[in-house]
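Got your viewer open? Here is a walk through the structure, one selection at a time.

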Amino acid sequence: MNTQTIAFHTPVQKIPTVGRWSVEEVELLFNLPFADLLYRAQQIHREHFDPNQVQLSTLLSIKTGGCSEDCGYCPQSAFHSTGVEDRKMLELDAVITAAKAAQQAGADRFCMGAAWREPSKEDMLSVVEMVKAVRGLGMETCATLGMLNDAQTEQLKQAGLDYYNHNLDTSPEFYGNIISTRDYQDRLDTLARVRRAGMHVCSGGIIGLGENLTQRAGLVAQLANLNPYPESVPINNLVKVEGTPLADQAELDPLDFVRTIAVARITMPTARVRLSAGRQQMSDAIQALCFLAGANSIFYGEQLLTTGNPEVERDRALMDRLGMYAFADKH
Ligand code: SAM
Ligand code: DTB
Ligand code: SF4
């Protein structure tokens, strides 16, 4: 395996630059001095991307609440009483209106999310129409609908879906503490099907679920060892929602979140690393550090799925202060 000295002033620390990552190697990255870690991440970022450009994805919940899975973090699980109202699937017109507004505001990708364990045949017919319509506007399309079978991935590919989002969420070892209704292997199988159908893979996880450092490294190693690794890697900071089992989870040190972004950048050099859920609770300074650590994508627009996200004006102001610009504006 090729190795190279990890960073200026970090003595005798060798890390792999190609090939598979062991959990131990990823953990070594997490344990680097902060400045060494960010320096290395920024170097790699600059080798592959314009460091001042940010890709903007807007989310829309096309089917909200009442989900039959028991994900401990999720306000939409039917297992938790969170006050999120179950709603039937949005009409095509409402989706087109939302996509046009997102495009107008500067987003280049539109991501449609549904609170399903997996879509039904009927659901798929509606989603296919939505994907075609959004693609027809000239936006990139993404969907996150739960588990998929081979026929469904093929249907989505034919409809013109560019990305499918399906998160590993955490490491295999910690996973059982968070979700009991779906296996880790189910997630890997769906990702493999998406890949086989020829769509881009969007997969990441959540930081701050109570995982330890080894488990956090385990998530990144899993993602980085997918062959090939995902084109898009959302790193979410747990949004603590009243009524979920994780509502009282201890606060994550924001610098540990920044570290996770840097480690994702180093281990997946050409991926879009998305600074995802949790930005509303984050200071501008921490977000700036995330961009320095190699994040080059955000969810853009006032709403994630059921929880809030910074207003477009706040994001535009932050981008201006940092001299950053949207992918749709310049690439
Ligand atoms: N139901 C589908 C599924 O689980 O694949 C798609 C929607 S689900 C809400 C998409 C992702 O949102 C989850 O995998 C999780 O990573 C993220 N997510 C959900 N609730 C969250 C929360 N409270 N904080 C951070 N991320 C969250
Ligand atoms: C992802 O990794 N994060 C997004 C998107 N993919 C679908 C969802 C975040 C959801 C946060 C909680 C909510 O708004 O319901
Ligand atoms: Fe359902 Fe997805 Fe929420 Fe899990 S994360 S409860 S699968 S909507």
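The stops below run from a ligand to some helices, then on to loops and a few single residues.

This is a predicted model, in which local features need pLDDT of at least 70 and side-chain atom pairs count only at pLDDT 80 or more, while totals for chains, interfaces and linings use all residues. Residues are numbered from 1 along each chain as its sequence is written, chains are lettered from A and ligands numbered from 1 in the order in which they are written, and side-chain values use heavy atoms, with hydrogens and water left out.

**Stop 1: ligand 3**

Select ligand 3, which sits in the largest cavity. A cavity here is a set of points, on a 1 Å grid over the protein atoms alone, where a 1.4 Å probe fits but cannot get out; a molecule sits in one if more than half of its atoms lie within 2 Å of its grid points.

Which residues are around ligand 3? Pick Cys67, Glu69, Cys71, Tyr73, Cys74, Ser77, Ala115, Trp116 and Arg182. To be listed, a residue needs a heavy atom within 4 Å of the molecule. Colour that shell by type and you get six nonpolar, one polar and two charged residues. In this scheme Ala, Val, Leu, Ile, Met, Phe, Trp, Tyr, Cys and Pro are nonpolar, Asp, Glu, Lys and Arg are charged, and the others, Gly among them, are polar.

Stay on Cys71 for a moment: it is buried, with a relative accessible area of 9%. Buried means under 20% relative accessible area, exposed means over 50%, and partly exposed is in between (1.4 Å probe, protein chains only).

**Stop 2: the cysteines**

How many disulfides are there? The count comes to zero, taking a disulfide as a pair of cysteine sulfur atoms within 2.5 Å. Now jump to Cys290, whose nearest cysteine sulfur, that of Cys202, is 17 Å away. Cys290 is buried too, at 0% relative accessible area.

**Stop 3: two helices**

Helices (H or I, at least four residues) and strands (E, at least two) are DSSP runs, numbered from the N terminus.

Select helix α1, residues 23–30, and highlight its buried residues Val26, Leu29 and Phe30. Look down the axis of α1: the buried residues fall within an arc of 105°, so they line one face of the helix. The arc is taken over the directions from the helix axis to the C-beta atoms.

Next comes helix α11, residues 312–322, where Val312, Asp315, Leu318 and Met319 are buried. They cover an arc of only 130° around the axis, which puts them on the same side of α11. Flip the view to the face turned away from that buried side, and you'll find the exposed residues Glu313, Asp320 and Arg321.

**Stop 4: backbone oddities**

Most residues other than glycine have a negative phi, and most peptide bonds are trans. Zoom in on Asn227 and Pro228: a cis peptide bond joins them, with omega about 0°. Pro228 is in the loop between α8 (213–224) and β9.

Then go to Asp169, in the loop between β6 (163–165) and α6 (172–175). Asp169 isn't a glycine, yet it has a positive phi of about 70°. Is it buried or exposed? Asp169 is buried, with a relative accessible area of 3%.

**Stop 5: acidic residues and some distances**

Try Glu251, in the loop between β9 (232–237) and α9 (254–267). Glu251 counts as exposed at 67% relative accessibility. Measure from its C-alpha to that of Pro33 and you should get 21 Å, for two residues 218 apart in sequence.

Asp256 is found in helix α9 and is partly exposed, at 26%. Between Asp256 and Gly208, 48 residues apart in sequence, the C-alpha distance is 9.2 Å.

Over in the loop between α2 (34–48) and β3 (53–63) is Asp50, partly exposed at 31%. Its C-alpha is 27 Å from that of Gly160, and the two are 110 residues apart in sequence.

Finish with Asp93 in helix α3, residues 92–105. Asp93 is exposed, with a relative accessible area of 58%, and 19 Å separates its C-alpha from that of Gly301, 208 residues away along the chain.

Definitions and conventions:
On a 1 Å grid over the protein atoms alone, a cavity is a set of points where a 1.4 Å probe fits but cannot get out, and a pocket is an open set with protein on both sides within 12 Å along at least five of seven lines; lining residues have an atom within 4 Å of a point.
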